[in-house]
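Hello,

Here is the structure I said I would pass on. My notes on one residue and one sheet follow below it.

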Amino acid sequence: MSKVDRARMQGLMKREEQRFRDAHKRSKELFERATKSLLGGVPMSWMVEWPGTFPVFMESAVAARVTDVDGNAYVDLCLGDTGAMTGHAPSGSTGVIAEQLRRGITTMLPSEDAVWVGEELQRRFGLPYWNFTLTATDANRFAIRIARQITGRPKILVYNYCYHGTVDETFATIGDGRTITRKGNVGPPVPVEVTTVVVEFNDAEALARALEPGDVACVLAEPALTNIGIVLPEPDYHDALRELTRKTGTILIIDETHTICTGPGGATRAWGLDPDMFTIGKPIGSGIPSGTYGVSEEVARRMFDSTDADYYDVGGIGGTLAGNALSMAAIRATLENVLTEEAFARMIPLAERWTDGVHAAIERNGLPWEVQRLGARAEYWFTPTPPRNGGEAAAADDRELAAFTHLYALNRGVLLTPFHNAALMSPSTTQEDVDLHSEVFEEMTSELVGG
Ligand code: PMP
């Protein structure tokens, strides 16, 4: 198998950076201007993580296409890191959203849409009761608070190299067999070992040992890891997770913010998971800030049995704008018209096609790489076999190589999400979009190995 020649890649990278600068003159001007008023020159810090020597400024984003201020058009396989999994400005919800904007945005009153949405979430994901937030981060924060309240236990358990939003307790990794703060963690309120236990994904024995002392309120889990690359669960892992959490009285929270790519009912429905709580955000409102958490019958009963808890005011499980009429209308339209069963039936074969294209290029060019898929999302690894947990996945991370593959794609009209080597399909993605990526990936891998 051929290895990547770093010197060769660095030479190609210089050429790609020049090509990028030549094609993005207006973006460069805007970035230089922005450095004088925006922190780091961007509205959100991670926007500088894109490959290239400055960020591309967007002009418009419609369906699976983005156009930048220099007039370059892209097939968008990043889709707002799942926030735009619906496709950009999807016609199935923009009309409803525009109409709701004229009829009132936020009122402190429930709307009929909320009832429809509660019923639909119940149907899709199985949990009986739902409440709303504006982000997935908040859904996770609220779920954790509830779990602590009803169990009276202090800690939470997460997987090594998980990501669940900016939730303080989750910024923890394993170091020398102990919980340590995640590298670069900004201003943690308390040391993470006070709040958090970390285990590797797919290690049922480690999970059993960690839950045994009985001080863990909840396990917060993605059904498959997606934020350190796609790491799939091994065949019996979810059974063990459910059994061990039940046995130890630990609440199981499943976060489907990314794994909704598995199907219309997420991995929860596809794999028959049976969580006590469920969280999701990002795409469910077609990009209008929306998040939600669902609770089981038993969790709901224990919440309201807990009479010392003030869920309305100081409980930290609310937000003035949460559950607003605009967000509820957007979720309803998204679930009713955009992220439908039929849409998934189109998106998943497209992800298979993308995977086949990447796989064929890897084989043809003899690279020791692999590609993994979860429903409508797929991702390549710079390792010959896919990692089985977060620790292995973090060790396989290759920033330099990823920056090269991403910039190569961007320069040829394909956007990949900056933190992942992943592609996500939307209901408006086409076979031609996927084939463009396959061609570009073949050209890139062939150049890389000197073909
Ligand atoms: N949960 C998961 C699994 C995520 O991947 C993310 C964001 N990448 C979040 C929660 C947080 O989403 P948000 O930043 O929109 O709150």
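**Thr-262 and its surroundings**

A polar atom of the Thr-262 side chain lies 2.6 Å from the backbone oxygen of Thr-259. Please keep in mind that this is a predicted model.

Thr-262 sits in the loop that runs between strand S10 (251-255) and helix H9 (266-270). Is this residue buried or exposed? Its relative accessible area is 12%, and the cut-off for buried is under 20%, so Thr-262 counts as buried.

Which residues does Thr-262 touch, leaving aside its neighbours within four places in sequence? The contacts are Ala-267, Ala-270, Trp-271, Ile-348, Leu-374 and Gly-375. For one of these, Leu-374, the separation along the chain is 112 residues, while the C-alpha atoms of Thr-262 and Leu-374 are 5.8 Å apart.

**The sheet with S13**

Leu-374 also leads to the second item, since strand S13 covers residues 370-374. S13 belongs to an open sheet of 3 strands, ordered S13-S14-S16, with antiparallel pairing. S13 and strand S16 (422-424) are the edge strands, and each of them pairs on one side only. On average, neighbouring strands in this sheet are turned by 15° against each other, direction ignored.

How many bridges join S13 to S14? There are 5, and S14 (residues 377-381) runs antiparallel to S13. Within this pair of strands, Val-371 stands opposite Tyr-380 of S14.

Taken together, the Thr-262 loop makes contact, through Thr-262, with Leu-374, and residue 374 is part of the edge strand S13.

Regards

Key. Residues are numbered from 1 along each chain as its sequence is written. This is a predicted model: local features need pLDDT of at least 70, side-chain atom pairs count only at pLDDT 80 or more; totals for chains, interfaces and linings use all residues. Side-chain values use heavy atoms; hydrogens and water are left out. Two strands pair if DSSP finds at least two bridges between them. Helices (H or I, at least four residues) and strands (E, at least two) are DSSP runs, numbered from the N terminus. Axes are lines fitted to C-alpha atoms, for helices over the stretch in contact, and angles run from 0 to 180 degrees between N-to-C directions. Buried means under 20% relative accessible area, exposed over 50%, partly exposed in between (1.4 Å probe, protein chains only). Contact means heavy atoms within 4.5 Å. A polar contact is a pair of N or O atoms within 3.5 Å; within protein, one must be able to donate a hydrogen and the other to accept it, and residues adjacent in sequence count only if both atoms are side-chain atoms.
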